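Here is a short report for a reader meeting this structure for the first time. It moves from charged pairs to strands, cysteines and surface.

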Amino acid sequence: MAHDFEDIDFDAIGTTGGDRDRAPRPVIDLPPLGEREKKRAKRRRRLIFWVKFFGFLFILGLVVAMVGAVGAFFYLKPRYDLAQTFDLSELEEVEVASRIFDRNGRELGRIFVQNRRPVSLDNVSQHFVNALLAAEDSRFYQHDGVDYVGILRAVYYSMRSKGFNQGASTITQQLARQTFELKDRTLSRKFTEIFLAQRIEKRIGSKQRILELYINRIYFGGGYYGIAAASEGYFGKDPAHLSVVEAATLAATIPNPYHRSPRSFPEVSKKWRDHVLTRMAAEGYIDNDARDRLQKTEIDIAAKTNITGKSAFVYEKVRQEVIELLGYEAVSKGGFAIHTTIDGALQEQAEAALRDQLAKIEQHPDFKQETLEQYKAKKAAFQESAHPDQTFPAPKYLQGALLLIDNKTGSVLARVSGRDFNDSMFDRVSQGRRPTGTAFMPFVYAAAFENQFFPGTLVDDTPMDTRQVMVGGTTGILGEWGVESFDNVYENIITARRALAKGKNAATVRIGQKVGTEAVVKLAQKAGMSFSGDLQKFNATFLGRNPSSLEELCLAYTIFPNNGRRAEKTHIIANIRDSLGNIIYTPNVAMHGTQAIDRYTAYQINSVLSDSFKLGTAGKALEKFGLGNYPVAGKTGTEYDFTDNWFVGYTSEVTCVVWTGFDQSGTIYPGAFSSDTVLPVWSTVMNEAAKKFEPKAFIPPADAEQVEICLKSGELASDDCYEVVQKGEGIASQVRCTYTEYLRPNTNLELICHLHGKGRSRLQKEMTQSRTKDGLLRAGMVVQENVQPVLPIAPTVVGANDPYNSLAPVLRARVAPVVAEIVAEPTAEGDDPAALPAGTEIGSNGIPVARPVLTETETQDLPAQRVQLPRARAIEFE
């Protein structure tokens with residue numbers, strides 16, 4: 001039933017007594033019923049609209065979410081699956097630098113693709129760990145590999161900050177990215193990185209281990225991988241000793257290693273270092289006062305060192321040999337400990353001595369070639385304006401090289417292949433081949449001594465027609481540059497000893513002609529030298545015209561101190577150990593090597609080349625360059641026209657060769673003798689080597705025959721071999737002009753000195769007895785019968801010098817081998833040593849020595865101090 005509210009009189013409605021006293025109610029002016037219904041319907045329609053709208057949105061959102069979820073699943077599933085395919089064992093496999101050590105365990109350099117030395121977290125300063133966490137991942141110990149809070153924080157700071165932005169990648173994510181090279185900047189890569197980081201966290205489990213893997217892999221700029229290499233490279237210290245400021249500096253380089261390098265960009269590095277210090281204060285690792293103080297601190301950056309090695313040439317030689325032995329792939333992974341035979345101190349001494357001496361040679365007033373300093377200036381000017389593809393020409397300045405090896409094993413103790421590796425990487429020790437000049441002479445004489453000649457053999461030292469040698473022209477006489485002086489004096493007839501010691505060219509060619517080029521070349525090849533072409537067929541070979549390398553020549557010279565033997569080859573690597581310390585390579589060093597000459601020849605060359613320091617071309621080593629007082633032998637080597645200078649010398653333990661010259665032929669300067677140019681370097685290095693490898697005397701073979709030779713005639717000395725020597729005005733004295741030679745047994749030597757021997761020409765004509773079957777020249781005496789010797793009551797006392805040879809007399813002619821033996825019972829053959837009476841002893845000088853023998857029947861009749869000798873027999877000769 002509808003009601004018309006307009007007809008109701010509300011005032012007339014009955015009320016209680018209380019209600020009558022109330023104020024009258026206001027009259028509600030309601031809209032007409034039709035309008036109200038319309039508004040209500042309108043509101044209802046709006047509500048329905050919004051319900052439907054939001055319902056639609058909800059359904060749409062739900063559909064989108066479902067579609068998105070499905071899409072995300074299909075999008076992320078491959079990324080997730082990809083993250084599962086990575087081999088997490090690669091986290092442990094970092095490319096580690098292989099370290100090169102000298103023979104004393106001192107590090108010389110590193111071979112690497114990435115210069116890295118892994119260390120445990122315990123050996124890293126806690127300051128660096130704090131700086132790293134503050135700068136890179138402050139919630140490292142709270143998240144599971146992905147820091148969602150950090151992501152939101154990074155977004156927030158990136159929006160409000162105009163200066164520093166905070167990264168969102170955790171340390172675990174960075175480890176995954178660095179290990180598996182996830183370098184592309186895409187959303188797909190980011191999701192793969194997230195899944196992989198979570199997998200790493202689950203697999204490894206230990207946050208400490210993840211942190212350790214990270215700090216050993218990350219790049220710090222400057223060629224340094226890992227905290228150890230960075231700490232050593234930038235600050236020259238172990239990572240355990242990093243200060244707060246140094247730790248903050250290294251932590252600041254990680255996001256941008258190149259532009260934040262403290263060495264390359266110190267101002268930028270300081271800016272980011274201060275930011276890291278601020279973050280450390282914010283995280284509570286340091287207080288604000290410490291932050292302010294440390295931000296004002298200056299740090300010292302270590303000078304950049306050549307991390308490939310203290311000697312680039314040694315490093316390159318070792319690197320090439322290691323790659324050849326182990327293969328490039330294994331070497332690129334690294335981790336090897338390469339122990340070399342190099343002695344670090346000797347190497348530094350050799351490099352410094354050669355560098356200083358070559359610079360000194362370039363200051364000689366007659367030096368006209370380009371110097372090292374001039375080349376460097378031209379190269380610097382060229383590089384300022386040159387296109388990157390342009391290269392500066394190879395150097396033409398004076399070069400030098402040095403090699404020092406152990407005689408017995410061929411191990412390299414020092415090796416200098418040039419002046420500057422950056423200018424020229426050419427290896428002049430093994431690859432360079434230059435004429436050896438007069439340094440080749442010892443092999444000529446060795447061939448002669450192997451063929452019935454000996455140091456006392458007389459040779460002709462007179463001018464020679466240069467056409468016999470064809471060195472320096474086809475006319476005139478052969479020059480004598482081998483004597484290391486312009487003041488050569490031809491001495492007519494001299495001994496082979498003197499000819500070699502003084503470096504006589506003509507005399508050397510003549511004795512070489514007697515032996516033949518074939519014999520000389522064959523011996524040199526046995527010693528390790530190589531020959532090519534037809535040059536070996538000509539007499540110029542005797543003067544070292546055949547080119548050789550330092551390596552060949554040095555090894556060849558070792559046959560002399562090694563009793564005729566040499567190692568098969570030189571070697572620079574002593575052993576190689578893997579990362580676990582297991583030895584995986586050692587060189588095969590032959591204990592005996594190749595026999596090139598016999599031990600008699602070896603000693604004779606030692607003896608002659610020792611004389612070169614007393615009366616020959618190497619005399620300046622003692623007089624001027626401070627060579628120590630120890631047994632040494634050597635030979636200068638000057639090439640025609642002063643294009644190459646050599647010195648090769650040795651002790652009983654080591655051999656050293658030094659060379660200087662040009663890569664292309666050129667005169668060093670007129671009169672550049674090796675005794676002035678390279679001998680000083682050799683003397684310096686050998687003095688240093690003698691401190692570690694003590695030289696011993698050159699000992700002749702035990703069975704060598706000792707004879708006294710006249711210096712003037714080269715023949716067996718007589719009692720009259722004296723020369724008058726003027727000691728002052730009107731004062732003269734006679735001096736014995738003889739010396740002692742050691743010969744191989746049965747050397748054919750019969751002539752007695754014809755200059756001092758009073759006209760005697762042959763021993764056989766002047767003596768009734770000449771030589772026993774054992775080859776000993778005897779005096780013409782007869783032991784008489786029935787002579788009782790007087791026995792001394794005490795040993796003979798002889799001073800330090802024994803002028804009369806009372807203990808070991810030396811015959812003027814020839815002495816038998818130094819052996820003692822008791823011979824057998826007497827026989828009828830009187831001239832057979834075995835036929836000497838029983839009990840007769842052959843003394844150390846080869847002379848039978850009578851010893852007292854007591855007979856059983858006559859002992860009682862003898863005086864107290866006398867004995868009865870058996871019947872004496874005259875010593876007979878052939």
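## Salt bridges

K190 and E193 join their side chains in a salt bridge, at 3.4 Å from N to O. A salt bridge here is a side-chain nitrogen of Lys or Arg within 4 Å of a carboxyl oxygen of Asp or Glu. The model is predicted: local features need pLDDT of at least 70, side-chain atom pairs count only at pLDDT 80 or more, and totals for chains, interfaces and linings use all residues. Residues are numbered from 1 along each chain as its sequence is written, and side-chain values use heavy atoms, leaving out hydrogens and water.

Both K190 and E193 sit in helix α6, three residues apart, about one turn of the helix. Helices (H or I, at least four residues) and strands (E, at least two) are DSSP runs, numbered from the N terminus. K190 is partly exposed, with 24% relative accessible area, while E193 is buried at 0%. Buried means under 20% relative accessible area, exposed over 50%, and partly exposed in between (1.4 Å probe, protein chains only).

Helix α7 (residues 207-217) holds another pair, E212 and R209, three residues apart and so about one helical turn from each other. E212 is buried at 17%. R209 is partly exposed at 27%.

A third pair is E708 with R736. It links distant parts of the chain: E708 belongs to strand β19 and R736 to strand β21 (residues 731-736), 28 residues apart. Both E708 and R736 are buried. Elsewhere, salt bridges with shared partners join R99, E107, R110, R117, E232 and D238 into one network. The structure holds 47 salt bridges.

| Salt bridge | Closest N to O distance |
|---|---|
| K190 and E193 | 3.4 Å |
| E212 and R209 | 2.4 Å |
| E708 and R736 | 3.0 Å |

## Strands

How many of the six residues of strand β19 are buried? Five are, so β19 (residues 705-710) is largely enclosed by the rest of the structure. It pairs with β22 (residues 738-743) in the antiparallel sense, over six bridges. Two strands pair if DSSP finds at least two bridges between them. E708 appears again here, opposite T740 in β22.

An open sheet has five strands in the order β2-β1-β5-β13-β14, with mixed pairing. Its edge strands, β2 (107-111) and β14 (583-585), each pair on one side only. Strand β13 (residues 573-577) runs antiparallel to β14 over two bridges. There, R577 has I583 in β14 as its bridge partner.

## Cysteines

The structure holds zero disulfides. A disulfide is a pair of cysteine sulfur atoms within 2.5 Å. The sulfur of C710 lies 3.6 Å from that of C753, its closest cysteine sulfur, too far for a bond. For C656 the closest cysteine sulfur is in C554, at 6.7 Å, also too far for a bond. C710 is buried at 0% relative accessible area. C656 is buried at 0% too.

## Loops with positive phi

E181 has a phi near 55°, a positive value in a residue other than glycine. It is found in the loop between α5 (171-179) and α6 (187-204). E181 is exposed, at 60% relative accessible area.

N563 is not a glycine, yet its phi is positive, about 60°. Its loop runs between α20 (550-557) and β12 (565-566). N563 is partly exposed, at 46%.
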